[in-house]
Protein chains: 2
Amino acid sequence: MGEERAELLKGTLDMLILKITALGPIHGYAIAQRIQQISRDFFQLQQGSLYPALHRLEDRGWLKAEWKTTETGREGKFYSLTRVGRKQLQAEVDNWEKLTGAVALILQTAE
Amino acid sequence: MGEERAELLKGTLDMLILKITALGPIHGYAIAQRIQQISRDFFQLQQGSLYPALHRLEDRGWLKAEWKTTETGREGKFYSLTRVGRKQLQAEVDNWEKLTGAVALILQTAE
DNA sequence: ATAGTATAGGTAGACATGCGAGGTATGCTT
DNA sequence: AAGCATACCTCGCATGTCTACCTATACTAT
């Protein structure tokens with residue numbers, strides 16, 4: 001009790017990660033930064049959420065990983081969307097839109 | 001694997017239940033029906049989700065319950081929003097709007 | 001030199017929540 | 001008498017996010 005901060009993502013994390021990787025190969029740490037930037041600091045993705053999610057997405061064949069050197073001259077694991085991952089992203093976006101539509105119907109219901 | 005049906009609500013269930021009870025006292029079984037109707041069958045609320053959620057909301061002081069007779073002449077537990085529950089509903093709706101806004105920012109990001 | 005910070009990766013355990021499967025009981029219809 | 005819809009419930013599983021912790025490297029400041 002007492003949650004003034006710590007904005008949480010419900011089940012949207014996978015979709016957001018897939019979307020970011022759809023913009024081009026990118027390593028994990030940078031994914032978290034991008035999500036935070038684009039969402040104007042609303043989402044503050046924790047590493048304990050980030051890395052398990054990336055492994056999950058890779059296990060499911062939606063992302064593939066490759067070690068490369070980052071711009072700052074360090075080793076990073078770069079993720080890119082697979083063909084299946086791209087279809088999955090589309091499916092998740094579709095479902096997200098239906099879901100928010102359904103929620104909107106209920107929230108708009110007047111007395 | 002193989003999920004053609006069974007649309008699920010992410011973490012919005014509490015908010016939806018609070019919203020339905022905000023329309024007036026209503027018993028649990030009818031809440032599930034209302035949510036399904038209003039969402040045009042998108043949400044199909046299972047009893048194994050419904051009743052634990054109602055008890056959770058009551059425990060937190062957001063709903064209060066009272067046994068009454070339904071229109072069909074049976075015993076039903078009617079739930080109504082407490083004052084604190086109404087504030088909680090407003091907080092959850094606010095957060096939901098911020099969250100969907102943040103997701104939209106990311107989904108709209110172009111390559 | 002060395003201490004601190006940002007970058008980059010990771011795991012383990014706790015916790016919440018939605019769901020499937022099962023259970024009880026009543027009233028209405030066939 | 002059987003079957004179905006209504007109305008309530010619980011248990012245990014699976015999933016997913018978070019806190020907390022760990023390792024290591026590069027850069028910056030003292």
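Visitor: Before we look at the DNA, what counts as near a strand here?

Guide: This is a predicted model, and the test is a simple distance. You take a residue's C-beta atom, placed from the backbone, and ask how far it is from the molecule or strand; the cut-off is 6 Å.

Visitor: Good. Which residues come nearest to DNA strand C?

Guide: There are 29 residues around that strand, and both chains appear among the nearest. Elements giving two or more residues to this surface are α2, α3 and β3 of chain A together with α3 of chain B. The nearest residues themselves are A:His27, A:Gly28, A:Tyr29, B:Gly48 and B:Ser49.

Visitor: And which ones come nearest to DNA strand D?

Guide: Here α3 of chain A together with α2, α3 and β3 of chain B each supply at least two residues of the surface. Of the 29 residues around strand D, the nearest are A:Gly48, A:Ser49, B:Gly28, B:Tyr29 and B:Thr70.

Visitor: How many polar residues does the surface near strand D have?

Guide: Sort that surface by class and you get 11 nonpolar and four charged residues, with the polar ones making up the rest. For strand C, the surface divides into 11 nonpolar, 14 polar and four charged. For strand D, the polar count is 14.

Visitor: Now the protein chains. Which element gives the largest share of the side of chain A that touches chain B?

Guide: The contact takes 22 residues from chain A and 22 from chain B. On the chain A side, the elements giving two or more residues are α1, α2 and α4. That side divides into 12 nonpolar, five polar and five charged residues. The largest share, eight residues, comes from α4(A).

Visitor: Inside chain B, are α1 and α4 parallel or oblique to each other?

Guide: Their axes come within 9 Å and cross at roughly 130°. α1(B) passes α4(B) in a left-handed crossing. An angle over 145 degrees would count as roughly antiparallel and 65 to 115 as roughly perpendicular, so the two helices are oblique.

Visitor: Which residues of α4(B) does α1(B) meet?

Guide: From α1(B), the residues involved are B:Asp14, B:Met15, B:Leu18 and B:Lys19. By class, this contact has five nonpolar, two polar and three charged residues. On the α4(B) side, they meet B:Gly85, B:Gln88, B:Leu89, B:Glu92, B:Val93 and B:Trp96.

Visitor: Which strands stand at the edges of the chain B sheet, and why?

Guide: It's an open sheet of three strands in the order β1-β3-β2, with antiparallel pairing. Two bridges join β1(B) to β3(B), and seven join β2(B) to β3(B). An edge strand has a single partner, so one side of it is left without a neighbour in the sheet; that describes β1 and β2 of chain B.

Visitor: Which residue in β3(B) is the bridge partner of B:His27?

Guide: Let's go through the pairs. B:Leu63 stands opposite B:Leu81, and B:Lys68 stands opposite B:Gly76. For B:His27, the partner in β3(B) is B:Phe78.

Visitor: What packs on that sheet?

Guide: A helix touches β2 and β3 of chain B. Its direction makes about 120° with that of β2(B), and the helix is α3(B).

Visitor: Last one: which residue takes a positive phi in the hairpin of β2(B) and β3(B)?

Guide: That hairpin has five residues between its strands. The phi in question is near 75°, and the residue is B:Gly73.

Notes:
Residues numbered from 1 in each chain as written. Chains lettered and ligands numbered in written order. Predicted model: local features only at pLDDT ≥ 70, side-chain atom pairs only at ≥ 80, totals over all residues. Contact = placed C-beta atoms within 7 Å. Helix = DSSP H or I, 4+ residues; strand = E, 2+ residues; numbered from the N terminus. Nonpolar A, V, L, I, M, F, W, Y, C, P; charged D, E, K, R; others polar. Axes fitted to C-alpha atoms, helices over the stretch in contact; angles between N-to-C directions. Parallel < 35°, antiparallel > 145°, perpendicular 65-115°, else oblique. Left-handed = near helix turned anticlockwise from the far one by under 90°. Pairing = 2+ DSSP bridges.
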